[in-house]
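Visitor: Hi! Could you walk me through this one while I have it open on my screen?
Guide: Happy to, let's pull it up.

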Amino acid sequence: MTDCAEPADLLEIALQAADVAVALITQQRPNHLATSTKSSPTDLVTEMDRRAEQLISDVILAARPQDLIRGEEGVAASGESATAPVTWWVDPIDGTTNYVYDHPGYAVSIAAEVDGVTVAGVVADPTHGRTYHARAGGGAWCDETRLSLAEPPDLADALVATGFAYIPERRRAQAKVLARIIDQIRDVRRMGAAALDLCSVAAGRVDAYFEAGLSQWDYAAGSLVAVEAGAVVCSLEGGAVRPGSVLCAHPALAAQLVDLLAEA
Ligand code: IPD
Ligand code: CA
Ligand code: CA
């Protein structure tokens with residue numbers, strides 16, 4: 001298995017790693033969760049983020065020692081990027097603020113990338129007991145249920161999720177964009193975990209999602225779930241998705257949202 005990176009095998013490894021991380025962060029959650037901050041005073045991190053990332057890395061590297069782990073907390077030992085057959089994008093707890101407050105909606109997010117393409121992804125949501133998963137060409141799933149996007153509403157009737165960066169100036173800019181579009185859509189949701197926001201588009205719990213400032217560990221797994229459910233995941237301008245610029249919706253709605261954001 002180490003030499004051929006079959007998406008189905010990579011998905012199995014991601015599911016196993018997500019399972020052990022979910023067990024850790026739910027069963028061993030301390031009563032008093034100590035937090036420290038990272039990029040800004042609002043960017044929280046806990047010991048559980050680091051421990052979960054280490055555990056995920058251990059599971060992946062036990063199965064595939066030559067792979068590269070790119071984790072948000074940077075705790076994972078990993079191989080050389082030039083020779084690694086698979087790059088794993090790991091967000092051990094996406095939605096750390098929700099986790100710290102015991103607010104529903106945080107997730108373990110793990111994606112496997114081969115030759116620059118995400119081929120397997122898992123987003124495990126312990127508070128709701130749901131695991132989203134996908135492999136390239138294999139459809140999008142929430143546990144045993146296949147996900148498929150319905151026809152989208154008009155933009156004016158669309159429920160749109162978004163998120164905010166941790167840097168204050170960026171937040172102000174994002175809030176201004178939101179103020180300019182809020183009266184042209186049904187409403188806005190800010191749930192607090194980008195990986196789950198993407199899965200929520202796939203599951204039809206929101207009609208669209210956009211956010212500036214994300215990293216690849218935030219969106220790699222959730223994007224594959226959304227795409228396999230029939231959504232488009234692109235940049236805010238409608239080009240190829242990239243770190244810092246993510247928009248996700250049914251293709252017909254995505255085009256309208258790109259135009260609206262361009263005006264905003
Ligand atoms: C954050 C969450 C949040 C999004 C932020 C992310 P973290 O990830 O996904 O919803 O708005 O941009 O950084 O820090 O909780 O892993
Ligand atoms: Ca994240
Ligand atoms: Ca995180």
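Visitor: I clicked on T162 to begin with. Is T162 buried or exposed?
Guide: T162 counts as buried, because its relative accessibility is 4% and the limit for buried is under 20%. Keep in mind that this is a predicted model.

Visitor: Thanks. Which strand holds T162?
Guide: T162 sits in strand 10, which covers residues 159-162.

Visitor: And what is T162 in contact with, beyond its neighbours within four places in sequence?
Guide: The list is L178, V188, R189, R190, M191, D197, Y209, F210 and E211. For F210 there is a polar pairing too: a polar atom of the T162 side chain lies 2.7 Å from the backbone oxygen of F210.

Visitor: Nice. Let's switch to the metals. What coordinates the calcium ion that is ligand 2?
Guide: Ligand 2, a calcium ion, is coordinated by D91 (OD), D94 (OD) and D218 (OD), at 2.1 to 2.3 Å. Along the chain, the spacing of these donors is D-x2-D-x123-D.

Visitor: And which residues coordinate the calcium ion that is ligand 3?
Guide: For ligand 3 they are E72 (OE), D91 (OD) and I93 (O), at 2.2 to 2.4 Å. The sequence spacing there is E-x18-D-x1-I.

Visitor: How far apart do the two calcium ions lie, and which residue bridges them?
Guide: They lie 3.7 Å apart, and D91 is the bridge between ligand 2 and ligand 3.

Visitor: Are those donors buried or exposed? I'm curious about D91, D94 and I93.
Guide: D91 counts as buried because its relative accessibility is 1%. D94 counts as buried as well, at 5%. I93 is also buried.

Visitor: Now ligand 1. Which residues come nearest to it?
Guide: Ligand 1 has 16 residues around it, and the nearest are D94, G95, Y166, A194 and E211. You have met D94 already, as a donor to the calcium ion (ligand 2), and E211 as a contact of T162.

Visitor: What polar distances should I look at around ligand 1?
Guide: Try D94, where an N or O atom of the side chain is 2.7 Å from an oxygen atom of ligand 1. From G95, a backbone N or O atom lies 2.7 Å from an oxygen atom of the ligand. With A193, a polar backbone atom is 3.1 Å from an oxygen atom of ligand 1.

Visitor: How much of ligand 1 does the protein bury?
Guide: The protein buries 95% of the 380 Å² that ligand 1 exposes when taken alone.

Visitor: Let's zoom out. How is the chain divided?
Guide: There are domain 1, residues 7-147, and domain 2, residues 155-263. Taken over C-alpha atoms, their centres are 21 Å apart. Across the boundary, 39 residues of domain 1 are in contact with 23 residues of domain 2.

Visitor: Last topic: backbone angles. Which residue in the loop between helix 3 and strand 5 should I check?
Guide: Look at D102, in the loop between helix 3 (96-101) and strand 5 (107-114). D102 has a positive phi near 55° without being a glycine. Most residues other than glycine have a negative phi.

Visitor: And what about D115?
Guide: D115 is another non-glycine with a positive phi, about 50°. It lies in the loop between strand 5 and strand 6 (117-125).

Visitor: Why do D102 and D115 count as exposed?
Guide: D102 counts as exposed because its relative accessibility is 51%, and the limit for exposed is over 50%. D115 is exposed with a relative accessible area of 76%.

Methods
Residues numbered from 1 in each chain as written. Chains lettered and ligands numbered in written order. Predicted model: local features only at pLDDT ≥ 70, side-chain atom pairs only at ≥ 80, totals over all residues. Heavy atoms only, no water. Donors = N, O, S within 2.8 Å, 3.2 Å for Na, K, Ca; no water. Buried < 20%, exposed > 50% of the residue type's maximum accessible area, 1.4 Å probe, protein only. Helix = DSSP H or I, 4+ residues; strand = E, 2+ residues; numbered from the N terminus. Polar contact = N/O pair within 3.5 Å; in protein donor to acceptor, adjacent residues only side chain to side chain. Contact = heavy atoms within 4.5 Å. Near = heavy atom within 4 Å. Areas by Shrake-Rupley, 256 points an atom, 1.4 Å probe, with all protein chains shown as cover. Domains from an automatic or database assignment.
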